[in-house]
Amino acid sequence: MCNRYKSPREDEIERMWRVGRQDPNRWWDAEVFPRGTGAFVRRAQDDAGYSRELVAGQWGLIPWFAKEPKLKYPTNNARSEELSQKASYKHPWARGQRCIIPAATFDEPNWETGKNVWWRFARADGDPWGLAGLWNVWTDRASGQVYESYTMLTINADAHPLMSRMHKPDPKLPADLQDKRSVIPIELADVDQWLAGTVAEATQLLRVAPVEVFNAGPVA
């Protein structure tokens with residue numbers, strides 16, 4: 001699970017994901033935490049064809065049945081294996097409400113020393129990450145205020161040589177059944193398939209990145 005990441009600059013996002021500058025007043029947190037405000041790229045909603053737009057919203061997807069925008073349970077991460085079953089995510093997943101979450105770096109806890117040591121993950125090629133996510137729009141019935149929100153997808157990483165080392169192990173479970181989690185990077189060549197493809201086509205991209213893609217180590 002991921003609970004903090006750093007956002008790239010707006011010009012980096014626009015250049016990397018070919019998003020035009022449409023809202024000069026757009027803003028989001030430089031370091032994003034659950035229920036904070038982050039940026040995400042999605043298929044443009046007012047384009048009958050296909051283009052991309054950059055949106056800012058709450059990191060923590062607000063489902064259609066929510067009574068208030070600040071939920072009492074976390075929705076900043078969603079298990080990709082359960083998207084079609086979980087009430088909070090099954091409708092956005094079925095409707096193709098997929099997004100790219102730009103991240104300069106993201107942090108994960110490492111417990112190999114017996115205590116939490118934060119590790120920071122960048123891309124080895126120096127580019128920002130484009131992490132797989134889902135988005136939703138929720139309207140407060142009392143005030144009429146419209147909220148954009150998103151969740152970051154994760155996948156099992158028990159067999160991954162790097163990501164399996166993150167997070168506190170459960171002493172009651174064997175090493176190969178810990179259900180260690182990883183974020184899901186979407187490579188630039190796959191962005192159109194992720195944003196505009198069918199559910200089956202998007203499912204093909206739900207995988208852990210090869211270890212050589214990562215540049216990771218303890219936070220200084």
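In the predicted model, the side chains of Asp179 and Arg181 meet in a salt bridge, with N and O 2.7 Å apart. The two partners differ in how they meet the surface. Asp179 has a relative accessibility of 28%, so it counts as partly exposed. Arg181 has 4% and therefore counts as buried. The cut-off behind this split is 20% relative accessible area, under which a residue is buried. The pair does not stand alone: Asp179 and Arg181 belong to a network of salt bridges that also takes in Arg79 and Glu81.

Two further salt bridges can be described by their partners. Glu82 and Lys86 are joined through their side chains at 4.0 Å, N to O. Glu82, at 30% relative accessibility, is partly exposed. Lys86 is also partly exposed, at 41%. Arg9 pairs with Asp11, and here the closest N and O atoms lie 3.0 Å apart. Asp11 is partly exposed, with a relative accessibility of 32%. Over the whole structure, the search finds 16 salt bridges.

Strand S11, residues 181-183, pairs with S10 in the antiparallel sense. The pairing runs over 3 bridges. Within it, Ile155 has Ser182 of S11 as its bridge partner. Arg181, the buried partner of the salt bridge with Asp179, lies in the residue range of S11.

Strand S10 spans residues 146-156 and also pairs with S4, residues 52-59. These two strands are parallel and share 2 bridges. Trp59 stands opposite Tyr150 of S10. Strand S5, residues 77-79, is likewise parallel to S10, and 3 bridges join the two. In this pairing Asn77 stands opposite Met152 of S10. Arg79, a member of the salt-bridge network, falls within the residue range of S5.

The pairing of S9 with S10 is antiparallel and holds 7 bridges. Strand S9 covers residues 129-139. Trp138 has Tyr147 of S10 as its bridge partner. S9 and S10 form a hairpin with 6 residues between the strands. In that hairpin, Gly144 takes a positive phi near 80°. Strand S10 is thus described here with four pairings: parallel with S4, parallel with S5, antiparallel with S9 and antiparallel with S11. In a regular strand, side chains alternate between the two faces of the sheet.

At the level of the whole fold, the protein chain contains 4 helices and 12 strands. Its radius of gyration is 17 Å, close to the 17 Å that the globule rule gives for 220 residues, so the chain is as compact as a globular protein of that length. Along the principal axes, the C-alpha atoms fill a box of roughly 50 × 40 × 35 Å. Of the 220 residues, 49% are buried.

Contacts across the sequence were also examined. Among contacts between residues at least 6 apart in sequence, 67% join residues at least 24 apart. The accessible surface of the protein chain comes to about 10,900 Å². Carbon and sulfur atoms account for 52% of that surface.

Definitions and conventions:
Residues are numbered from 1 along each chain as its sequence is written. This is a predicted model: local features need pLDDT of at least 70, side-chain atom pairs count only at pLDDT 80 or more; totals for chains, interfaces and linings use all residues. Side-chain values use heavy atoms; hydrogens and water are left out. Two strands pair if DSSP finds at least two bridges between them. Buried means under 20% relative accessible area, exposed over 50%, partly exposed in between (1.4 Å probe, protein chains only). The radius of gyration is taken over C-alpha atoms; the globule rule is 2.2 Å times the number of residues to the power 0.38. Contact means heavy atoms within 4.5 Å. Accessible areas come from the Shrake-Rupley method with a 1.4 Å probe; for residues, only the protein chains shown count as cover.
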